[in-house]
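Welcome, and please open the model in your viewer with the backbone displayed. We will go through it one selection at a time.

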Amino acid sequence: MHFSLDQYHVSEEFGFILPAPLAELPPYYQPWMDIALRVTDLIYSHTLRSYILKMPLLNTQLLKSHRELRLAHLALSVMTMGYVWQEGENDTVKMLPRNLAIPYWEVSQRLGLPPILTHADAVLANWKKRDPQGPFDIENLELIFTLPGGDSVRGFFLVTLLVELAAVPVIKSIPVVIDGVQCGNTESVTRALEELSQAIQGMTDALKKMHAYVEPEVFYGIIRIYLSGWKDNSCMPSGLMYEGVQAEPMEYSGGSAAQSSLLHCCDELLGIKHEAKSGAFLSRMRNYMPPAHKRLIQDISLRPSLRVFVQQQASERLTAAFQLCATRLLAFRNYHITVVSRFITIPAARARALRNQDISSKQEMVSNAPKALEETGTGGSGILSFLKTVRDRTRDVSLPLNNRASKKSLNGAQHQKMQHAAQQAQLTSNTLQRDCLN
Ligand code: HEM
């Protein structure tokens, strides 16, 4: 049967990004919007919690469309993160009040999303164009809701959105690859993999923009706490009670691009198998995705193996195209590790050093960062060792090229192009590894 993207809530133009998100809810929900749009100011004036406590309990049945529900979830998520973290890690709350918790729970249930800020909220559904006729580029984009962190928070969410946009051709190639494998069409699988590898390169290029738009100290010292959850978080050891929803507190992980469906799709398509502990974390992250996106990942995993097909066909051009996808995915993960070093590991070391010398001052943004986040993030294991394990398993999927055979079956220009691209990708990952990982 032909593999179609229609049933997965993804589009040929926007991939996993929610197309044209709404920026307004029906007027009945104005009390939510009035607060959600001012969350940052209300946090700075330490008044957000009192505004939320006075908010009316609204009926969610007036929310009808998927886009209305997504906007409502985003607004309620931003309020929740602000409510919990308004006073930093030392004065958190045990309970989310019923007038926020009940509608949040209902909207979450209808969407199949957890009641916490996810990648699907903050990135996929949190954008609008300044000039509606203008291009989809960062200068013409704005967030619908923001959190403390000024231009850096805008940059963090929008650059991540650009990575999602760069990956649209990845999503478009998936059905072509799957159908091609099923019908034994080597030529179409090869071409689709060549496009896919180019799109992965585009994702890495988009990720590089993080440095231009986000300041590491602001990310580490201000933004990160508002993305944090209440699972494996020592400053909220028993999670959060959602008043009027359940008598026991619940635990949820914070927002992270580990919840983006992109890399999960690439992994399943290329046949990358993760090690038990990191694999368990990544599978858990699938519960933080819109259910249709999670289903796409699962359905890819149920299809016959692309890697086995590539090995069976013994076509050098096909093998080279597969190999290029694997190498470029490896380069993306390596680059991501350098980003994490710059935005988390280095500022964390600085914060620790300042603390040890007892010279932490309010002026130093990193000194104000929550200590509880220094060692958490991934179910207890260190962030970098988790990311390196995931990276190493990506390397394992490689199908090295047999050089002599490849010269025979590819024409000269094709061969040179593939060789050059593969060498470039290899060089990038070698350099990155040498520079920052060892
Ligand atoms: C300043 C920028 C970024 C930082 C500091 C950062 C940090 C992290 C951290 C700490 C993790 C570990 C898992 C967790 O704690 O949730 C992670 C995982 C991950 N991040 Fe990022 N990230 C950034 C940008 C991005 C972007 C733009 C993407 C692209 C969509 C991305 C994709 C991923 C993926 C896919 C994982 C799961 C591990 C993997 O599959 O390799 N990250 N990130």
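Before the first click, one definition is useful: a residue counts as exposed if 12 or fewer other C-beta atoms lie within 10 Å of its own, buried if there are 20 or more, and partly exposed in between. Keep in mind too that this is a predicted model.

**Whole chain.** Start by selecting everything. The chain has 19 helices and four strands. Of its 438 residues, 45% are buried. Among contacts between residues at least 6 apart in sequence, 81% join residues at least 24 apart.

**Ala 314.** Next, select Ala 314, in the loop between α15 (306-313) and α16 (316-356). Is this residue buried or exposed? Ala 314 has 12 other C-beta atoms within 10 Å, so it is exposed. Check its backbone as well: phi is near 50 degrees, a positive value in a residue other than glycine.

**Asp 232.** Now move to the loop between α11 (216-226) and β4 (241-242), where you will find Asp 232. Its phi is also positive, near 50 degrees, and this residue too is not a glycine. Around Asp 232 there are 18 other C-beta atoms within 10 Å, so this residue is partly exposed.

**Helix α7.** For the last stop, select residues 150-166, which form helix α7. What end-to-end span should its 17 residues give? At 1.5 Å a residue, the expected value is 24 Å, and the end C-alpha atoms are 25 Å apart, so the two agree. Colour α7 by burial and you will see a mostly covered helix, with 14 of its 17 residues buried.

Methods: Residues numbered from 1 in each chain as written. Predicted model: local features only at pLDDT ≥ 70, side-chain atom pairs only at ≥ 80, totals over all residues. Helix = DSSP H or I, 4+ residues; strand = E, 2+ residues; numbered from the N terminus. Expected span 1.5 Å × (residues − 1). Contact = placed C-beta atoms within 7 Å.
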